[in-house]
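Colleague: Please take a close look at the aromatic pairs in this structure, and at the surroundings of the residues involved.

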Amino acid sequence: NRVYIGRSRGYDQMGLADEAASLSVPLQSYVNLERMARSRRPAVVSDTRADPEWVITALGRHIGSWAGAPIVARGQLLGFISLDKQEPNSYAPAQAERLASFAAAAGLALENARLYAEQQRLAITDVLTGIANRRHFDLVLARELSRSRRFRRPLGLIILDLDNFKAYNDAHGHLAGDELL
């Protein structure tokens, strides 16, 4: 429910890079974004100066025409893509529809990246304890061996075997066993 600029282009040329980087305001501050958040549809403000709902801010006082589209994945709003120009009437609904197609592809790409990262995390951690598993150990060991060779530095490895750990788990419960680990 907050708006911030994740990536931008052009604000540095106007001396607004710091303002863009530090923007963090309630979504309700921008009627056009709030409307897109509710409708999940693209929007166009052809002439911001003629639109009574357009909020002129220090960061957006240069905007004459604006187009935007929501980025949605699995029904969840992830963000927005927005374009602006100083000249009024630069954007029309047709551009917003193309922007919406791009935003849909971006939503799929972001969701795929999230799912891939989650699969990677699940592949290297124990589901119950959240502790790194053998696969993670093998990956880290290979990386550290490579680093040791590359920098020609010695590498030490300590492996501990906890005798009767199963008995401890059985006697005190898995949560206590997880805590001990």
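Modeller: In this predicted model, a search of the whole structure finds two aromatic pairs. One is formed by W54 and W66, whose ring centres are 6.0 Å apart with the planes at 50°, so this pair is tilted. Distant parts of the chain are linked by it: W54 sits in the loop between β3 (43-45) and β4 (65-73), while W66 belongs to strand β4, 12 residues apart. Both W54 and W66 are buried.

The other pair is F165 with Y168. Here the ring centres are 6.5 Å apart and the planes are at 20°; planes under 30 degrees apart count as stacked, so F165 and Y168 are a stacked pair. Both residues lie in helix α5 (residues 165-172), three residues apart, about one turn of the helix. Y168 has a relative accessible area of 31%, which makes Y168 partly exposed.

W66 also leads into the nonpolar interior. The largest nonpolar core has 16 residues, and W66 is among those with the most contacts inside it, along with V3, L23, Y30, L33 and L59. Helix α2 (residues 31-39) supplies the largest share of this core, three residues. Setting aside neighbours within four places in sequence, L33 is in contact with W66 and also with V3, L27 and F80. A second core, separate from that one, has nine residues, including I71, I81, L99 and A103.

Technical notes. Residues numbered from 1 in each chain as written. Predicted model: local features only at pLDDT ≥ 70, side-chain atom pairs only at ≥ 80, totals over all residues. Heavy atoms only, no water. Core = buried A, V, L, I, M, F, W, Y, C linked by side-chain atoms within 4.5 Å. Buried < 20%, exposed > 50% of the residue type's maximum accessible area, 1.4 Å probe, protein only. Helix = DSSP H or I, 4+ residues; strand = E, 2+ residues; numbered from the N terminus. Contact = heavy atoms within 4.5 Å. Phe/Tyr/Trp six-rings, centres within 6.5 Å; stacked < 30°, edge-to-face > 60°.
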